[in-house]
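Me: Could you take a close look at one part of this model for me, the open sheet, and walk me through how its strands are put together?

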Amino acid sequence: MSFRFHVAHSTPLGKIRSSSTHQQHHKHILAKRCGSTSSNSVSVKSRAGELDSVIMAGASSVRVAVAQMTSINDLAANFATSSRLVKLYLVYGLFNLFLEFVYPKEAASAGAKLLCLPENFSYVGDKDGDSLKVAETLDGPIMQGYCSLARWLFVPSSFLLAEKFSVSVQSPLLNNWTESSMWLSLGGFQEKGSDDAHLCNTHVLVDDAGNIRSTYRKMHLFDVDIPGGRSYKESSFTEAGKDIVAVDSPVGRLGPTVCYDLRFPELYQQLRFQHEAQVLLVPSAFTKVTGQAHWEILLRARAIETQCYVIAAAQAGKHNDKRESYGDSLIIDPWGTVIGRLPDRLSTGIAVADIDFSLIDSVRAKMPIAKHRKSIDFWKSASL
């Protein structure tokens, strides 16, 4: 069985710059296979026409990546897929570094500063209770293995890049890569709960040194009978979280959430207006039925009403005979425009886009909802 990975890159409308010296941009297709001891392979494609978008990032921009995958009830297989996604990011960084040789004044920085994996990235059981069997503390071997991916990314990659382009590891040509060492958004993870009958659905943020910087435990649990589908009772084996979390990062102030939280706008209002979030993270495993009906609309609504970027990593496709996820990982800007998306809603891969801090400021200044919104006290009195 082989896995095919795609990189799709897009950027906010109006940010692409034209250059008088490069009015006719070259169109490139990059296809590279990363070695593997198995038959699995990784390929990267930068589609024709996308070079225009790649050569654009301004000083106020920072790159992010959103992943899409199909997790199964096999911890090792899911870790292998996640590792390949990280390696795919590395190949994408190599491609961008090549652009810096060709267009040194116009090329974007070498890679993303944040890669987001979807809910249940490490495990999806055949039955709801199966996740309890693999639940661990955050210092256990499963989570620490994923933390090691962030540590692995930077150190060997510097030597790989140096060898690839025949330069010193200390060369200024690698400075952009150094600046682009990457955080991981891992959510939600099956964290061991307060007793053997429960776990926490935990969104873990890992920095570029492989350290856990913050955790958010999913508040809203998915107890739903899907029309024409199966019933879910997440609360039967999961403890609900109680704390809102926001954390500063290289891509701005992050507001981590998980999946079903998306249907409760008050959480996102709190993250924006009380916790000053700039980027909302929504790792998910939406069902096929609910995804078709509501996935993109809800994500765009959260972006518009909070004037934040939204990064939504999605599980995609059939996990087993009983469970199927909608897919369609997205990156959305504060105006509600989709700026990052894989060409195939069900494929395994990453999409890349840029967080533009000047756009956040512009949208918030021109539509000053923070000044116009009513306080909780106002609504209490108005409802009497």
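Reply: Happy to! Two strands are taken to pair if DSSP finds at least two bridges between them, and that is the sense of pairing used here for this predicted model.

Let's start with the hairpin. Strand 10 and strand 11 form it, with 2 residues between them. Their pairing is antiparallel and runs over 3 bridges. Two residue pairs help to place it: Val 247 has Leu 254 of strand 11 as its bridge partner, and Ser 249 has Gly 252. Strand 11, which spans residues 252-256, is mostly covered, with 5 of its 5 residues buried.

From there the sheet continues to strand 12 (residues 279-281), which runs parallel to strand 11 and is joined to it by 3 bridges. Here Pro 256 stands opposite Leu 281 in strand 12. To get from strand 11 to strand 12, the chain passes through helix 6 (residues 265-273), and this β-α-β crossover is right-handed.

Now for the whole sheet. It is open and has 6 strands in the order 10-11-12-13-16-17, with mixed pairing. Strand 10 (247-249) and strand 17 (338-341) stand at the edges; each has a single partner strand, so one side of each is left without a neighbour in the sheet. From one strand to the next, the twist averages 25°.

So, back to the hairpin with that in view: strand 10 is an edge strand, and its antiparallel partner is strand 11, which in turn runs parallel to strand 12.

Notes. Residues are numbered from 1 along each chain as its sequence is written. This is a predicted model: local features need pLDDT of at least 70, side-chain atom pairs count only at pLDDT 80 or more; totals for chains, interfaces and linings use all residues. Side-chain values use heavy atoms; hydrogens and water are left out. Helices (H or I, at least four residues) and strands (E, at least two) are DSSP runs, numbered from the N terminus. Axes are lines fitted to C-alpha atoms, for helices over the stretch in contact, and angles run from 0 to 180 degrees between N-to-C directions. Buried means under 20% relative accessible area, exposed over 50%, partly exposed in between (1.4 Å probe, protein chains only). A crossover is right-handed if, with the strands pointing away from the viewer, the path from the first strand over the helix to the second runs clockwise.
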